[in-house]
Amino acid sequence: RTKCKSLLSKTNRGEHTIRIPIDQSSYAKVFHHPVAYRSKLDELMELHPELFPYELLEQGYQLKELRRSKKIEDFYYYRIQLPNRKGSYTVQPCFVLPYLKGYTQEVATALELMMYGVPSHKISELYGRNDSYWDNLFDSLGRFSVVGTLVKSKSDLPDDYCADEK
């Protein structure tokens, strides 16, 4: 069997997740009210257009559905889609970790300790969960490309830009 090369370059969720800069209290006020959520999202699109895909800014969007997280108790997030229904995006706030593994404030101190060499079994004694949770969480921090999530077009990069391949 052979696979199409264009399929190999895409991930299942990858570029279809949009992270919005919003604090937890503001998010709690708007996520249950679609009109308020949409106006907040429109405001963020004006303030930070680099975070949103170009076609979303040009064509607009529709709120597709409100989903409940299976991993984080009582956490909800929206899915939005293009008007032509050819693309949909998950919109998640920045106070939640990628893959909905937890809240950033709850794990920040533990991950900082791991950065200084504290083993995961000591972290699980202090902060709960199990050793593999902390190991996987620490390892997953390097999955997202900072350049890939902020720079949407190669023409936006400066000519003298240099980066390590890893």
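## A loop residue and a nonpolar patch

Leu-141 sits in the loop between helix H7 (131–140) and helix H8 (146–150). The model is predicted. Leu-141 is partly exposed, and its relative accessible area is 47%.

Leu-141 also belongs to a nonpolar patch on the surface. Its partners there are Met-115, Tyr-116 and Phe-138. The patch covers about 450 Å².

## Salt bridges in the structure

How many salt bridges does a search of the whole structure find? The search finds 4. Among them are the pairs Glu-65 with Arg-67, Arg-79 with Glu-65, and Lys-122 with Glu-125.

## The network around Glu-65

Salt bridges link Glu-65, Arg-67 and Arg-79 in a network. Glu-65 takes part in the bridge to Arg-67 and in the bridge to Arg-79. The side chains of Glu-65 and Arg-67 meet with N to O at 3.0 Å. For Arg-79 and Glu-65, the closest N and O atoms are 3.9 Å apart. A salt bridge is counted within 4 Å, so the 3.9 Å pair of Arg-79 and Glu-65 qualifies.

Where do Arg-79 and Glu-65 lie? Arg-79 is in strand S3 (residues 76–81), and Glu-65 is in strand S2 (residues 62–68). The two are 14 residues apart in sequence, so their pairing ties together separate parts of the sequence.

Is Arg-79 buried or exposed? Arg-79 is buried, at 6% relative accessibility. The cut-off for buried is under 20%, which is why Arg-79 at 6% earns the label. Its partner Glu-65 is partly exposed at 29%. Arg-67 is partly exposed too, with a relative accessible area of 35%. The network therefore joins a buried arginine, Arg-79, to the partly exposed Glu-65 and Arg-67 through salt bridges.

## A bridge within helix H6

Which helix holds both Lys-122 and Glu-125? Both lie in helix H6 (residues 120–127). They are 3 residues apart, about one turn of the helix. Lys-122 and Glu-125 form a salt bridge, and their closest N and O atoms are 3.7 Å apart.

Lys-122 is partly exposed, with a relative accessible area of 39%. Glu-125 counts as exposed at 56% relative accessibility. Exposed means over 50%, so Glu-125 at 56% passes that cut-off, while Lys-122 at 39% stays partly exposed.

Definitions and conventions
Residues are numbered from 1 along each chain as its sequence is written. This is a predicted model: local features need pLDDT of at least 70, side-chain atom pairs count only at pLDDT 80 or more; totals for chains, interfaces and linings use all residues. Side-chain values use heavy atoms; hydrogens and water are left out. Buried means under 20% relative accessible area, exposed over 50%, partly exposed in between (1.4 Å probe, protein chains only). Helices (H or I, at least four residues) and strands (E, at least two) are DSSP runs, numbered from the N terminus. Patches are made of residues with over 30% relative accessible area and no salt bridge: like charges are joined within 9 Å, nonpolar side chains (Val, Leu, Ile, Met, Phe, Trp, Tyr) within 5 Å. Accessible areas come from the Shrake-Rupley method with a 1.4 Å probe; for residues, only the protein chains shown count as cover.
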